[in-house]
Amino acid sequence: MAVRQGTHVLVTGAGGFIGHHLVTFLKGQGYWVRGVDLKHPEYSRTDADEFEILDLRRWPDCLEATRGIDEVYSLAADMGGMGFISQHHAEILHNNVLISTHMLEASRRNGANRYLYTSSACVYPEYRQTDANVVPLREDEAYPAAPQDAYGWEKLVSERLCLHYHEDYKLDTRVVRFHNIFGPLGTWDGGREKAPAALCRKIATAKLTGQHEIDIWGDGEQTRSFCYIDDCVLGLYKLMRSDYAEPLNLGQDRMVSINELANLIAACAGVEVTRRHVAGPQGVRGRNSDNTRLLDVLGWQPEISLEDGLARTYAWIEGRVRESLAATDRRELYADAV
Ligand code: NAD
Ligand code: GDC
């Protein structure tokens, strides 16, 4: 505890899904934490000791964010699910290159000891993910490079930047590759939401309105693995405390189809839904995490079952949908009255 109390930690993207949960976790471990983002967390108050609204595309803001900091968890990024990353290539590449490049250099200049960069399974080559029954992806399979979308290209280049800062400047870097993280307090509507949140929202809406048909993008036979947020923040912390500087997967290795995911969520909701398969961005056909190296390096892998994680996530999203439907009813009543 003594070391932790003296350690000043920065979490960028602390107004977002994973960053917000990570701040709470690190406070629980006894750290002094500064959160930075373009916005405050949307669904509950931050536990950070200090929270600054900064734009990390800007070099002066990165210097401001990293002053007096020992360890940086770098999560800020312009990001979203397939609906967002398949439509905003230029914006994502431009914004995230600036954030990652400036944050790494500012952390070095201000004397940070450790820097953890949050990369993505999107760095893996699309040619390894063409089959729904995909071979789980190993860390050493990112090359020859053919990442998914501009989002994946930025992640791969920033991974390399971290490795070179480690070699050239002896900055103690860590690189994690997330595989579809989900949970409460994450984006659930508006276009950036990923499949677990989108399907929870659609199924909650079906349940609460009695219209039991939901849209699924594609035939639903595409596969993914999904990792619950509590496992994600624990894994991030374990990686930061390790001495491992190479990229490391952080995800579940249980692969399900999107149709199976919808069935599991419908079971949480206690309703039966009919799936309507519609056109939509699908990304890779299959994706799963190989956790061999994760187990080797951390002696641990995510433990929370998909069923448990979905039950907690669904309950939270059903609450948001209920509020949203009630607000719509109030607006319609008011419009009728005037
Ligand atoms: P999120 O969108 O909820 O959080 C990212 C935060 O970064 C947002 O709050 C956003 O406002 C902030 N941000 C964006 N531009 C900024 C800027 N210029 N200055 C300051 N803040 C800025 O996303 P998340 O799910 O919490 O993801 C966190 C990190 O993990 C990201 O780097 C993301 O690419 C990576 N990642 C997430 C997943 C996942 O499944 N959630 C998968 C792979 C990688
Ligand atoms: O958005 P996502 O969760 O991202 O989509 C998973 C699959 O679910 C896709 O094939 C998509 O077509 C399908 N899907 C079906 N219906 C829907 O209503 C829907 N909404 C959404 N969003 N998807 C639906 C993600 C990236 C992240 C990130 C992670 C790393 O890709 O978007 O930014 O880095 O990967 O694992 P996904 O898993 O393809």
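Helix 5 (residues 89-109) lies across strand 1, strand 4, strand 5 (114-120) and strand 6, and runs at about 165° to strand 5. Helices (H or I, at least four residues) and strands (E, at least two) are DSSP runs counted from the N terminus. Axes are lines fitted to C-alpha atoms, for helices over the stretch in contact, with angles from 0 to 180 degrees between N-to-C directions.

This is a predicted model, where local features need pLDDT of at least 70 and side-chain atom pairs count only at pLDDT 80 or more, while totals for chains, interfaces and linings use all residues. Side-chain values use heavy atoms, leaving out hydrogens and water. The predictor's per-residue confidence, pLDDT, goes from 0 to 100; it averages 97 over the protein chain, and 99% of the residues score at least 70. Helix 1 (residues 2-6) has the lowest mean of the elements, 64, and strand 10 (residues 227-228) the highest, 99. Where pLDDT is low, the predicted coordinates should not be read in detail.

Now for the sheet. It is open, has seven strands in the order 3-2-1-4-5-6-11, and pairs in parallel; pairing takes at least two DSSP bridges between two strands. Strand 3 (50-53) and strand 11 (247-250) sit at the edges with a single partner strand each, so one side of each has no neighbour in the sheet. On average, neighbouring strands are turned by 20° against each other, direction ignored. Strand 2 (residues 32-37) pairs with strand 3 over four bridges, in the parallel sense, and arginine 34 stands opposite glutamate 50 in strand 3. Helix 2 (residues 17-28) also packs on this sheet, touching strand 1 (8-12), strand 2, strand 4 (71-74) and strand 6 (172-178); contact here means heavy atoms within 4.5 Å. The direction of helix 2 makes about 165° with that of strand 1.

As for helix pairs, the axes of helix 5 and helix 6 (residues 149-169) come within 9 Å and cross at roughly 15°. That makes helix 5 roughly parallel to helix 6 (angles under 35 degrees count as roughly parallel, over 145 as roughly antiparallel, 65 to 115 as roughly perpendicular, the rest as oblique). Their contact includes Ile92 and Leu93 of helix 5 and Tyr151 and Leu161 of helix 6.

Helix 9 (residues 258-269) and helix 11 (residues 306-337) have axes that come within 9 Å and cross at roughly 55°, which means helix 9 is oblique to helix 11. Leu261, Leu264, Ile265, Cys268 and Ala269 of helix 9 meet Leu306, Glu307, Leu310, Ala311 and Tyr314 of helix 11.

How values were computed:
Residues numbered from 1 in each chain as written. Chains lettered and ligands numbered in written order.
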